[in-house]
Number of protein chains: 2
Amino acid sequence: MGKQMTEMLKGTLEGLVLAILAARSAYGYEITARLREQGFTDIAEGTVYAVLVRFEQKGLVDVEKVPSEKGPPRKVYSLNPAGQQYLDEFWRTWSFLSERLGQLHEGGR
Amino acid sequence: MGKQMTEMLKGTLEGLVLAILAARSAYGYEITARLREQGFTDIAEGTVYAVLVRFEQKGLVDVEKVPSEKGPPRKVYSLNPAGQQYLDEFWRTWSFLSERLGQLHEGGR
DNA sequence: ACCACTATTCAGTGTTACTATCTACCGGTA
DNA sequence: TACCGGTAGATAGTAACACTGAATAGTGGT
């Protein structure tokens with residue numbers, strides 16, 4: 001999708017994935033697929049896994065290994081209270097930025 | 001403002017500054033001051049200058065040195081057609097992301 | 001002579017997403 | 001058996017970006 005999207009995803013991809021997990025627990029492959037469905041066709045698989053590893057290291061998610069009928073076992077991630085708090089903070093930050101940019105976008109025409 | 005804002009600014013700070021320049025030409029110190037007025041109190045001065053250098057290297061702006069009554073000469077930056085095009089692309093990218101995140105934010109409550 | 005304000009530059013650091021590749025498990029087919 | 005496509009995850013190396021912290025420099029006022 002271009003270099004601008006790549007840079008813009010830094011800082012928002014985390015929130016994107018957290019928001020998906022907030023709706024319901026999921027595993028990496030599934031999250032990638034859902035992002036692709038929503039139009040983020042260029043997000044690399046490896047990138048999503050890296051995000052999930054970071055979440056685990058920061059203690060924002062709980063992990064459970066679940067055997068799969070097709071393929072190797074899945075690592076199912078679910079948001080814990082710390083993750084929910086982190087997500088709340090993300091929304092506050094994003095709202096602030098979104099508001100300012102929205103004003104600039106309107107004012108510029 | 002926190003680490004989340006720092007990361008979220010990657011990719012959006014460029015657009016922020018471009019949008020400011022689209023409204024009218026400006027120099028670095030002035031841009032920093034305007035950002036601070038708008039609530040971006042934690043954006044480092046050095047960061048803004050780095051953005052402007054990148055713009056110059058990419059050929060998105062025209063530069064003019066103007067003597068100042070107070071202090072050293074100013075480098076006044078103005079958006080050129082390439083910069084305007086880059087800004088248009090930024091808005092398209094941001095709109096896409098903003099729409100998706102907006103949906104997730106609404107759906108999550 | 002000193003200080004506060006204005007104005008720009010730069011080296012070094014940490015975080016992040018991408019690329020590319022590798023491992024591994026399963027079912028179906030030749 | 002041997003192979004392949006789809007599912008699932010891990011990892012080393014790279015590029016881009018914002019921040020920290022400091023340095024440099026010009027002007028006016030005390």
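These are a few notes on how the protein meets DNA strand D and how two helices pack in this predicted model.

1. Ground rules. In this prediction local features need pLDDT of at least 70 and side-chain atom pairs pLDDT 80 or more, while totals for chains, interfaces and linings use all residues. Residues are numbered from 1 along each chain as its sequence is written, chains are lettered from A in the order in which they are written, and side-chain values use heavy atoms, without hydrogens or water.

2. Who sits around the DNA. Strand D has 27 residues around it, with A:Tyr29, A:Arg74, A:Lys75, B:Thr47 and B:Arg54 the closest; near means a heavy atom within 4 Å. By class, that surface splits into 10 nonpolar, 7 polar and 10 charged residues. Here Ala, Val, Leu, Ile, Met, Phe, Trp, Tyr, Cys and Pro count as nonpolar, Asp, Glu, Lys and Arg as charged, and the others, Gly among them, as polar.

3. Backbone or bases? Of the strand D atoms within 4 Å of the protein, 76% belong to sugar or phosphate and the rest to bases. The side chains of A:Tyr27 and A:Tyr49 each place an N or O atom 3.2 Å from a phosphate oxygen. For B:Lys10, the partner is a base oxygen, 3.4 Å away.

4. The helix pair. Helix H5 (residues 81–107) of chain A and helix H5 (residues 81–107) of chain B have axes that come within 11 Å and cross at roughly 140°, so they count as oblique to each other (not under 35, over 145 or 65 to 115 degrees). Residues making the contact (heavy atoms within 4.5 Å) include A:Trp91, A:Trp94, B:Trp91 and B:Trp94. None of the contact residues is charged: 10 are nonpolar and 8 polar.

How values were computed:
Polar contact = N/O pair within 3.5 Å; in protein donor to acceptor, adjacent residues only side chain to side chain. Axes fitted to C-alpha atoms, helices over the stretch in contact; angles between N-to-C directions. Helix = DSSP H or I, 4+ residues; strand = E, 2+ residues; numbered from the N terminus.
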